[in-house]
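Hello,

Here is the structure I promised to pass on to you. Have a look at it first, and then read on for what turned up in it.

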Amino acid sequence: MKTIKVGMATCGVSAGGAKVFKALQDELAARKLDVALKETGCIGMCYHEPLVEVTDGNGTSYFYGNVTVDRVPK
C-alpha cells in the first residue's frame with residue numbers, strides 16, 4: 001500500500017508539520033486516493049523540516065524536505 005509519513009517530532013511540528021499533515025489529509029480526501037497517511041517521529045534531518053516520506057507500495061521511499069502547504073497538491 002502507498003504510504004505518506006509526515007515528521008511530527010518537535011522540530012517537524014515547529015516547522016509546520018501539523019499544517020502539512022492536515023493539508024495532505026484534505027488533498028487525499030478530495031482526490032479520493034487510497035493512500036495511508038501517518039505521523040512519524042524524528043526522521044533525522046531537522047534542518048529540512050517539515051519532512052515527508054512517500055512509499056510507493058513496492059518498498060521504495062522518496063523523501064521531500066521543506067514541504068509547505070502550498071506544495072502539497074504537487
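Let me start inside the sheet: V6 has E39 in strand 2 as its bridge partner. Please keep in mind that this is a predicted model.

That pair belongs to a longer match, since strand 1 and strand 2 run parallel and are joined by five bridges. On strand 3, things go the other way: strand 1 (residues 3-7) is antiparallel to strand 3, with four bridges between them. Here K5 is partnered by E53 of strand 3. E53 also stands opposite F63 in strand 4, so you can follow a path from K5 through E53 to F63 on your screen.

Strand 3 and strand 4 are again antiparallel, and four bridges link them. These two strands make a hairpin with five residues between them. In its turn you will find G57, with a positive phi of about 95°.

Putting the strands together gives an open sheet of four, in the order 2-1-3-4, with mixed pairing. Strand 2 and strand 4 are the edge strands, each pairing on one side only. From one strand to the next, the twist averages 20°.

Now for the backbone. As a reminder, most residues other than glycine have a negative phi, and most peptide bonds are trans. Three places are worth a look with that in mind.

- E49 and P50 are joined by a cis peptide bond, with omega about -5°. P50 sits in the loop between strand 2 (36-40) and strand 3 (52-55).
- K32 is not a glycine, yet its phi is positive, near 55°. This residue is in the loop between helix 2 (17-31) and strand 2.
- N66, also not a glycine, has a positive phi of about 55°. You will find N66 in the segment after strand 4 (61-64).

Are K32 and N66 buried or exposed? K32 has a relative accessible area of 75%, and because exposed means over 50%, K32 counts as exposed. N66 comes out at 37%, which lies between the 20% and 50% limits, so N66 is partly exposed.

If you open the model yourself, you could begin at V6 and E39, move across to K5 and E53, and finish at the turn with G57.

Best wishes

Key. Residues numbered from 1 in each chain as written. Predicted model: local features only at pLDDT ≥ 70, side-chain atom pairs only at ≥ 80, totals over all residues. Heavy atoms only, no water. Buried < 20%, exposed > 50% of the residue type's maximum accessible area, 1.4 Å probe, protein only. Pairing = 2+ DSSP bridges. Axes fitted to C-alpha atoms, helices over the stretch in contact; angles between N-to-C directions.
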